[in-house]
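Me: Could you help me look at the empty spaces inside this protein? I'd like to go through them one at a time.
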Amino acid sequence: MNYLERKIFRSEMIDCSLCYDAPCSKACLHHLDPAKLLRSVWFDNENAAAAKLPDGPLACMGCRAKCELACNQYVHIPIVLGRLYGLKENGSAIKPDESLLKTKFCGFPLENPFLLSSSVVSSTYEKMARAFDAGWAGAATKTVTTMDIHEASPRYSATWDAAGEIQGFKNIEQLSQLSVQENADIIKRLKKDYPTKYMLVSIMGKDDAEWAWLAKEMQKAGADALELNFSCPNMVEEGTGSAIGQQPEVVKHLTKVVKDAVTIPVIAKLTPNVASMSEAAEAAVEGGADGIAAINTLKSLIPVADTKVAVGGLSGKAVFPIALRFISELGLDHRLSDTYISAMGGVETWRDAAEFIGYGANTVQVTTAVMEYGIDIISDLKEGLAVFLAANNTSLEEITGRALSQVVDTEDMERDVVVYPKFDRDLCTGCGRCFVSCRDGGHEAIRFDGEKRIPVMDAKKCVGCHLCVIVCPECAITSSGVTVKKED
């Protein structure tokens, strides 16, 4: 399904609140669980959702649509389900085989590549236990420390798009407020109750002795591996968090301190608040790191009172392209070829996860999407990725790093050709957005026929920048795919 088809699917449910204990499912006369099906559409998992529909004519046809009447947002539920039934009829429905998602990270077998990342979502036994029951393969715990943590209130903020969706999430959250012993007890209990789940315990010390002591204590508690927090941007203690990750020599030293203290794998979590991550990653590997985790949040301003702002961390969809850039940098670094990579930064759907894996990630960590939508997003992450693998007759191992060959340096790009856009008159509504953007922000290559309300491209002026493709709200403009040599 292409972008336009997914957009059409979503348009019928754009106002859906993705309710907990949803009224629509309670009201359904046919036991279809429309709320679950709607969530799957929201998270780009339509093919697996269609496979859950019963065989034969869709029960919704001719139904009194009590699900829609029960909806507080007036979502057109029967229309969405009808589109899913269309996928089932044309053979696009695929039942996910989650056995395809089995993998390993630093030698530990995982049922899938999805982990909670170190944050509030992995701060208590109850949260991690619910996540494990839901299907997450493991968790990186909220960072264990001896520091006296005092959190601010409020400490979250966000940026929204015109449709009201969160694009960037901002926080000044710090480390675990639980004692080292309390955290150790949680880890022991989780490993007893969930022995096959991966416990990646995050730690942060103030000096060599404390880093080594924390590492030993967490290993005794049952940690499967340690994640060294060299990246938190919200620390007030001097020489901690991202201040470490910005100094490769310190990264190397502290990694070695921890590696010498324990026998379990050690993962260095690095900061994106640098121009390049490779130097710090290579330093971590020289210090003995078995893997790299990236990225943490990006430093940004966050409102903390009516008249005050502070520097905090930016996460969510806004940072996803930046995270991809760093992961691809690590994936292309031949000095890290034998190093495991755990990627995070803006993952909401299985497509996001697949991109990370394509650029070299072995596991994918998630926080912000869990904070917004809850732990149950794991079902669509797993199903969507499993369907993708089955549909393409491939495996996680085969797609890991496959996209790295597509990464080119800017100076190596072809600059003597034009790829013209293509206009679909059937989809065009005559809004004129392409004309305005090209006139004021492009190359004045589109004129607008006011009488016919259609855009007309001037091929002599068009440089193939594709601004019109991006701004068209109806996806009526696409790339022609035709490369034409520039005229001198």
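Me: How do the residues of the lining of the second largest cavity divide into nonpolar, polar and charged?
Reply: Keeping in mind that this is a predicted model, the lining of the second largest cavity divides into 11 nonpolar residues, 3 polar ones and 1 charged one.
Me: And what volume does the second largest cavity have?
Reply: The second largest cavity has a volume of about 140 Å³, and of the 15 residues that line it, Cys-16, Leu-18, Cys-19, Cys-24 and Cys-71 are the closest to its centre.
Me: Which helices supply at least two residues of that lining?
Reply: Helix H2 (23-27) and helix H3 (34-42) each do so, and H3 gives the most to the lining of the second largest cavity, with 3 residues.
Me: Switching topic, how many cavities of 30 Å³ or more are there?
Reply: The count comes to 5 cavities of 30 Å³ or more, and the largest cavity holds about 530 Å³ of space.
Me: Which residues lie nearest the centre of the largest cavity?
Reply: The largest cavity is lined by 40 residues, and those nearest its centre are Ser-118, Ser-119, Asn-296, Thr-297 and Thr-367.
Me: Which elements give two or more residues to the lining of the largest cavity?
Reply: Those elements are strand S6 (166-171), strand S12 (308-315), strand S14 (363-366) and helix H15 (368-373), with S6 giving the most, namely 5 residues.
Me: How does the lining of the largest cavity divide into nonpolar, polar and charged?
Reply: For the largest cavity, the lining residues divide into 15 nonpolar, 19 polar and 6 charged.

Conventions: Residues are numbered from 1 along each chain as its sequence is written. This is a predicted model: local features need pLDDT of at least 70, side-chain atom pairs count only at pLDDT 80 or more; totals for chains, interfaces and linings use all residues. Side-chain values use heavy atoms; hydrogens and water are left out. On a 1 Å grid over the protein atoms alone, a cavity is a set of points where a 1.4 Å probe fits but cannot get out, and a pocket is an open set with protein on both sides within 12 Å along at least five of seven lines; lining residues have an atom within 4 Å of a point. Grid points are joined across faces, edges and corners, and a volume is the space filled by probe spheres set on the points. Helices (H or I, at least four residues) and strands (E, at least two) are DSSP runs, numbered from the N terminus. Ala, Val, Leu, Ile, Met, Phe, Trp, Tyr, Cys and Pro count as nonpolar, Asp, Glu, Lys and Arg as charged, and the others, Gly among them, as polar.
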